[in-house]
Amino acid sequence: MQNFEQYNSIITTGVYGSAIALILIGLYAVLIKKHLIKIVIGLSIIDAGVHLLFVAIGYIKGGTAPIFSPGNEDAVNKMVDPVPQALVLTAIVIGFAVTAVALSLVIRLYKHHNTARIDQIKSLKW
Amino acid sequence: MEDLGIKIIGALLTVILAFTVGMTYGGIVRKLTARVQNRRGPVIWQNFLDLLKLQSKKTNIAHGFMGHMAPVWIIISAGTVLMFIPILNGNLWFPNLTFHGDLIFLLYMMVFGSLGMALGAGQTGNPNSAIGVTRGLSQMVGFEIPFVLALVALMVQYKTTSIQDIMDIQAQTGTWMMFANPFAFLAALFASLGMFRYSPFDIVGAPAELASGPVSEFGGKYLGTMMSGGSIFAFIKLTLYVDLFMGGAGFGTGILATIMGLGILLLKTFSLYMVPVFYGWISPRYRTEQAIRYFWGWPTALGVIAVIWAIF
Amino acid sequence: MVISPVHYIAVPLLAAFTIPLLSKYIHKELARIVPGIVLLYSVFVSIVLMMQVSEVGVISEKIAGWSAPWGINLMFTPFSGFLASLMSVVGFLIWLYSYNFKKIEQSQSQKYHILQMMMVTGAIGIVLTGDIFNLFVFMEITAITAYSLTSFYRERDGAEAGFKYLLIGSFASVMILLAVMILYTQLGTLNMAEIAQNAHLIPTPLRATILVLFLVGFGIEAEMFPLNGWAPDAYSQSPGPIGAAFAGIVVKAGVYALIRVIFTLFDIHGAYDFLIYGGLITMIIAETAAVAQTNLKRMLAYSSIGQMGFVLIAFGIGTKTAIIGALFLMFNHAVIKSLLFMSGSYLTYNSLNKKISALAGLGKKLPIVSLLFGLGAFAIVGLPPFSGFWSKLYVLTAAADQNMLLLIMAILAVSIIEIIYYFRVVSTLYYGKQEDEEIKVQKPSINAMVSMLILGATIIVVGVYPDIITHFLNNAADMLLDKASYIQAVLTQNIN
Amino acid sequence: MNSFFLILLILFAGAGLSFVLGKISSIISGTVAFLSIAAASALFFTQIEMGSFIEFSLGGIQLQWGLNSYGYLFGIIVLGLGTLASLYSISYMQNKERTSGFYFNFVLVIAGMTGIIFANDFISFFIFWEIMTWASYLIIIYSGKNVKKIGIKYMIFSAIGAYSMLTAIVMIKGQYDTFLISDAINAGAFNFIDNIYIPILLLIGFGVKAATMPLHVWAPGAYNNAPTSFTVIFSGAMSKMGVLGMGLVLGHMFTADRSGSLTNFFSGFSVIYLQQTIGWLGGITAVIATLYALIQDDAKKLLAYSSIAQLGYITVGLATGTKLGVMAALFLAVVHGIFKGALFMVVGAVERQAGTTDMTKISGLIRKMPFTFLTALISIIALAGIPPLGGFVGKWMLYEALITESNSYFLVIVIFFSSTAAFLYSYRFLFGLFLGQEEKETEQVKEAPITMIIPMLVLAILLVITGAFPGLIFSPIATAMEFIGFKDVTWNMSVLNNVWGNEMNLTYLGITIGVVFVSIFAFITLKGLKGTRYVGTKDISTSGEIPYENENLTFQINFFQPFVRAAAPMYKRSMNKIWNELGNGLEALFNFTRKIYTGNGQTYALFVVIFLVLMLLFKDTLFV
């Protein structure tokens with residue numbers, strides 16, 4: 001039981017830490033990288049980080065899947081919170097749609113300017 | 001009602017007096033100027049002769065509406081202004097329509113005539129006339145400033161804009177304005193140089209040149225009428241100065257008093273009249289802008305001092 | 001059947017899925033007609049509901065029988081209802097305007113109309129929903145449709161504008177998501193009413209963090225400086241009516257969310273001042289940037305950013321008069337800016353390039369359009385007797401009640417700048433010298449003209465007789481200010 | 001139906017109608033405009049009784065329209081002049097293009113001014129003020145020439161004025177919780193003790209329309225750029241709206257009772273200070289405008305500058321704050337409306353008949369356009385303030401007030417200087433257009449059509465009448481001044497008392513002058529007529545010799561060169577330059593600020609992140 005606790009805490013901290021790390025990596029990609037594709041990748045990395053964070057919040061130590069099944073009604077208070085997972089599913093779908101639009105835009109930008117460097121696409125300014 | 005009759009007779013008397021005195025002064029000045037310039041010069045009543053000649057001439061050409069207007073307006077403004085100038089203080093035979101604030105009225109009314117002449121000169125189409133007019137107007141703006149400063153000094157000092165009041169004040173205090181506010185008097189004196197348009201400020205009429213100046217297109221009756229109007233104006237200005245600065249003249253209504261008053265009036269006016277004349281003898285002609293700058297120089301400074309003097 | 005707020009959402013979603021089938025199997029035209037019908041229906045819905053809400057007070061609808069706080073519920077309050085009705089009307093007019101918009105060829109127009117319909121739907125959803133996550137979802141729907149509509153024209157730089165919009169927009173979504181997440185960890189609920197009820201339980205620094213995330217997230221949608229880098233490009237590159245839709249619908253939704261968060265969710269004091277300062281800076285920067293613009297639509301874009309800043313200021317003052325003024329401003333901005341974009345896009349379309357200087361002398365060629373543009377310009381700078389004046393008056397009066405003299409001065413100074421550039425355009429329109437006489441002008445189609453005339457008539461009528469809408473605004477302001485009744489209306493509905 | 005609504009309804013309907021009918025014919029729409037304005041003024045002078053008012057609510061704001069004696073005074077100017085000007089413009093605008101828009105805005109301006117007169121509350125006041133402003137803007141740029149410079153400048157300055165006024169209005173609302181003018185006055189909104197800002201802001205607002213330094217720079221161009229038949233209204237009536245407002249504020253400020261206040265001395269002092277400031281601003285305006293008027297070669301521009309100068313006198317009169325001074329100012333306002341309207345009508349007639357108003361191109365029109373010349377002559381005499389016409393009465397009262405009742409003596413000098421210099425441009429105007437050599441270009445010029453002559457002559461006759469019977473205007477002015485706080489105003493002060501016992505007012509003087517005039521004129525003319533031939537302007541004796549053919553005898557260019565040389569230092573600096581430099585500086589600044597929007601998407605993203613980080617850092621100080 002003891003090492004299970006440690007295991008849990010390690011997992012949770014690890015999950016949180018990795019989520020934060022993902023967000024920061026994504027930010028780095030979006031803000032520093034010049035290539036459009038990389039920027040899009042960075043966006044989706046940020047999304048992934050946020051989603052991971054969100055799922056991790058819903059996690060309860062030693063929790064079980066939030067499914068009612070006859071026999072173990074006492075599992076109700078050991079269930080992980082289902083709402084974050086539902087939300088994350090939605091968010092993932094949305095992120096997918098955004099990424100799709102972004103990639104199509106990137107293609108058109110490349111055709112239009114035949115470059116994919118964002119700092120060279122500045123025909124609209126001031 | 002016969003009171004009104006007396007007034008009317010008095011008004012006529014005033015006009016006649018002003019006319020005669022103005023013409024005579026003009027003649028005297030012509031004579032003196034000639035003597036100074038070592039000429040023999042015309043007789044003193046030469047102006048009357050000129051007027052007679054001009055009036056007896058037959059007018060052949062007319063320049064149209066404003067041409068007719070010009071002398072008319074001069075006469076009108078001369079007559080009207082004359083009605084408001086106190087000739088003899090409190091003399092029944094020389095009444096005047098003086099009222100509260102007539103000083104300003106006079107200042108503006110005098111312009112009436114010169115404006116008429118300017119317009120008449122304008123219509124003739126002679127460029128020289130127009131040039132003369134512009135010079136005259138510009139010069140007027142020049143000497144109006146010290147003049148008005150002086151007047152404002154008086155008006156401010158006694159919080160009145162009535163000639164009669166100022167005369168009464170002098171009568172009461174017994175000191176003439178030229179002593180009560182000497183700076184104002186000096187400023188006004190300088191202004192008078194320009195007002196009488198003798199040299200150095202005679203570029204307007206430019207008597208030396210032939211056919212130049214505002215009146216160059218006028219002849220015959222027109223010129224005659226203008227001339228008489230002008231001489232009335234000379235008298236008016238002198239009397240105004242005397243009234244404002246030299247305590248006016250006049251002792252009462254009696255015959256003797258009237259004659260004495262007239263005598264004193266003539267004395268004062270003539271002595272005042274000599275100032276611009278003398279100055280003219282000794283000084284060459286200014287160009288217009290020089291004249292304006294002249295007036296905006298020391299005379300204006302004196303006027304400002306006068307106003308400050310009046311305030312404190 | 002009984003009209004309920006759900007129809008706003010359900011009908012368009014249904015239509016969106018059926019339209020491709022209809023247009024494929026029945027007739028192509030349906031792809032363009034059906035969205036119009038749907039939007040018209042939502043206009044009808046909003047008319048009916050506005051009538052009801054004036055009696056009932058709040059119309060709350062729980063979806064799928066799950067009552068709040070567990071289920072998602074749609075709240076048609078006087079406040080949200082006003083905005084929803086405004087959006088549906090503007091949306092319908094935009095559809096009417098762009099029904100046979102000349103520059104959209106058949107194959108494209110299908111997508112165009114569906115996207116536009118969905119954008120309106122998303123915005124209305126944002127306004128109506130009572131659930132914070134649902135709000136996020138609707139915002140994403142709006143945003144995605146907006147990205148694709150921004151980059152609709154292939155020949156323009158639409159893609160660039162769209163990409164910038166997407167870049168910033170996804171930042172917004174991330175932040176909103178984070179904020180929702182933290183809220184959920186703290187309160188374990190997503191229902192806005194319940195959050196509002198228990199917001200004081202959150203420790204202050206954390207609450208401030210959530211608020212900051214929300215502010216930045218929605219501030220991006222609400223074009224607050226410095227988060228509005230996307231806006232000018234998006235406005236100027238999207239099709240004309242879509243520019244109108246941004247001004248009239250999308251940004252309104254963003255502002256609504258911002259206001260809802262500040263006024264209802266967390267009643268934190270500093271937030272109001274934040275609104276005032278942010279709005280003021282936004283207004284000043286945007287209007288000054290608009291002065292030197294040579295491109296008409298970009299100028300309009302900056303101007304509408306500035307207007308949004310003005311709206312934020314008005315909300316930030318926070319008194320009832322101010323909120324009435326703010327709502328009036330939103331109304332005016334929706335109507336007037338839509339008119340400006342609609343007429344302006346015809347003008348730019350008929351000029352050789354989009355430059356303002358190229359509009360010279362179009363006043364003779366397109367008399368009515370130019371007249372409407374001039375009307376809009378006069379109205380938006382707040383000249384009486386047009387509707388723009390009253391909103392400005394209300395806001396200034398409210399500011400004076402709080403005696404914020406400097407704020408008034410700043411606002412009016414900015415309005416002078418506004419006058420400068422709008423009047424420059426108008427005078428160019430009418431008195432500029434036309435270079436080439438033989439330019440063939442494209443007369444507006446009848447439906448476009450109708451929708452523009454409706455907007456113009458609204459401007460004049462409201463300007464001359466503002467009482468038409470003031471009592472709606474009054475109820476809305478009351479509703480927004482008293483959050484207790486909102487909470488109570490949401491949370492007591494699970495009894496019945 | 002209430003006659004207030006009816007009048008405004010007639011005007012607005014007339015505007016719309018003339019706009020629509022303008023598509024058919026310019027004459028028709030002009031006639032419609034004229035008829036609507038005439039009908040409105042007929043109603044105004046017959047139907048509305050003094051002191052009646054109506055109240056109604058609009059947009060949750062309580063509005064009140066009414067007619068008080070003060071408004072009535074300006075109603076005389078606005079509607080009287082408006083009727084004549086609209087009649088005049090029928091022929092003036094005959095062959096011009098885009099007349100429908102012109103008439104539309106023309107009637108709108110009249111409607112706006114009527115509304116201002118009716119307004120008893122600040123909101124409707126402001127609404128009508130703005131209507132007047134933008135309608136007049138549209139007329140100014142009507143001709144399409146230098147729209148950028150003049151139109152925008154006019155609009156900017158009007159906006160500055162209007163918005164400072166709006167600020168004051170909302171401040172009044174904030175402090176006294178009322179929009180009614182009378183309530184605000186009773187609450188002491190204008191008495192300069194407890195609130196400095198409100199009167200000053202209002203004065204700025206009105207000073208723009210009254211073209212007072214330093215807010216006057218829009219005026220010359222605007223007056224000159226507008227079609228002349230509108231400049232009649234613009235200079236004659238619209239500038240008087242500014243006078244109306246200033247009179248309202250200043251009158252109540254100076255008559256306010258400050259005995260109660262603790263800061264009695266300082267407030268009184270500050271009031272005097274403000275009074276002197278405004279007076280000097282007016283005086284400087286008068287001088288500068290006069291100086292610029294006399295170097296103009298374009299008759300219309302000359303009149304434009306002269307209007308500003310006259311408004312300067314009016315400002316001075318208002319700033320004296322004494323009964324006589326304010327009375328003089330209002331009198332000048334009325335008379336200026338009349339003669340400046342007449343003069344602009346003259347210029348318009350010349351412009352229409354001779355094709356230009358440039359005095360270096362045309363001259364010697366006196367025989368071609370006798371009636372126009374007559375009007376010009378009378379109006380100029382009134383403008384120059386020469387007795388016996390009305391202009392003198394006003395100026396005389398002004399001097400009287402300045403010398404005997406107020407303490408600003410040097411202001412008298414300034415005023416006197418400018419009014420003396422006014423003779424120069426007065427003469428320049430008459431000479432330049434009507435006198436001097438008859439040019440070949442203007443040989444075919446005919447007299448203006450009857451519909452233009454009638455209004456001019458009516459105004460000229462009005463000038464003579466007001467000169468002879470100033471009491472006709474003094475009685476309404478006296479009642480009007482009761483409204484702006486001056487108690488028991490008697491207008492006997494206008495009557496000149498002489499030693500003939502009884503009071504002699506200018507009537508007799510006018511009659512006397514008239515009689516003498518006629519007699520001497522008859523004398524000279526009749527004596528002259530016998531065998532007198534009228535000669536052309538070529539037939540002159542230049543130093544005794546006849547000028548040969550095509551010798552240049554025209555003297556028009558550098559008319560007052562000597563004076564300008566002498567007064568050169570005064571022409572050095574101009575307010576205009578300062579404002580222009582300010583504008584350029586601001587534009588550069590704006591161009592710099594918008595560089596924030598670098599087209600790079602990443603920069604925007606960076607902004608977002610930085611903003612977020614900053615907010616997170618300062619969140620605890622921001623959101624407590």
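Chain B of this predicted model is built from 12 helices and 1 strand. Read from the N terminus, its elements go α-α-β-α-α-α-α-α-α-α-α-α-α, with the strand slotted in after two helices. Along the principal axes, the C-alpha atoms of chain B take up a box of roughly 55 × 50 × 40 Å. A compact globule of 312 residues would have a radius of gyration near 20 Å, and the 19 Å of chain B agrees with that. Of the 312 residues in chain B, 59% are buried. Contacts in chain B also reach well along the sequence: taking those between residues at least 6 apart, 81% join residues at least 24 apart.

Next comes the nonpolar core. In soluble globular proteins, nonpolar side chains tend to end up buried together. Here, the largest nonpolar core counts 581 residues. The residues with the most contacts inside this core come from chains B, C and D: B:Ala150 and B:Val152, then C:Ile168 and C:Leu327, and finally D:Val107, D:Phe331 and D:Leu430. The top contributor is helix H13 of chain D (residues 323–354), which puts in 22 residues. Domain 1 (271–494 + 553–572) and domain 2 (575–622) of chain D each supply residues to this core, so the core lies between them. The centres of these two domains of chain D, taken over C-alpha atoms, are 50 Å apart.

A closer look at B:Val152 gives a feel for the surroundings of one core residue. Setting aside neighbours within four places in sequence, B:Val152 touches B:Val307 in its own chain. Over in chain D, B:Val152 is in contact with D:Ile403, D:Tyr409, D:Val412 and D:Ile413.

Chain D has a meeting point with chain A as well. Chain D brings 11 residues to this contact, and chain A brings 10. Sorted by class, the chain D side has 4 nonpolar, 5 polar and 2 charged residues.

Chain D also offers a neat bit of local detail in a hairpin. Strand E1 (residues 53–58) and strand E2 (residues 61–66) of chain D pair up in the antiparallel sense, over 6 bridges. Within this pairing, D:Phe56 has D:Leu63 in E2(D) as its bridge partner. The hairpin of E1(D) and E2(D) leaves 2 residues between the strands, and D:Gly59 adopts a positive phi near 60° there.

Definitions and conventions
Residues are numbered from 1 along each chain as its sequence is written. Chains are lettered from A and ligands numbered from 1 in the order in which they are written. This is a predicted model: local features need pLDDT of at least 70, side-chain atom pairs count only at pLDDT 80 or more; totals for chains, interfaces and linings use all residues. Domain bounds come from an automatic or database domain assignment. A nonpolar core is a set of buried Ala, Val, Leu, Ile, Met, Phe, Trp, Tyr and Cys residues joined through C-beta atoms within 7 Å. A residue is buried if 20 or more other C-beta atoms lie within 10 Å of its own, exposed if 12 or fewer, and partly exposed in between; C-beta atoms are placed from the backbone. Helices (H or I, at least four residues) and strands (E, at least two) are DSSP runs, numbered from the N terminus. Two residues are in contact if their C-beta atoms, placed from the backbone, lie within 7 Å. Ala, Val, Leu, Ile, Met, Phe, Trp, Tyr, Cys and Pro count as nonpolar, Asp, Glu, Lys and Arg as charged, and the others, Gly among them, as polar. The radius of gyration is taken over C-alpha atoms; the globule rule is 2.2 Å times the number of residues to the power 0.38. Two strands pair if DSSP finds at least two bridges between them.
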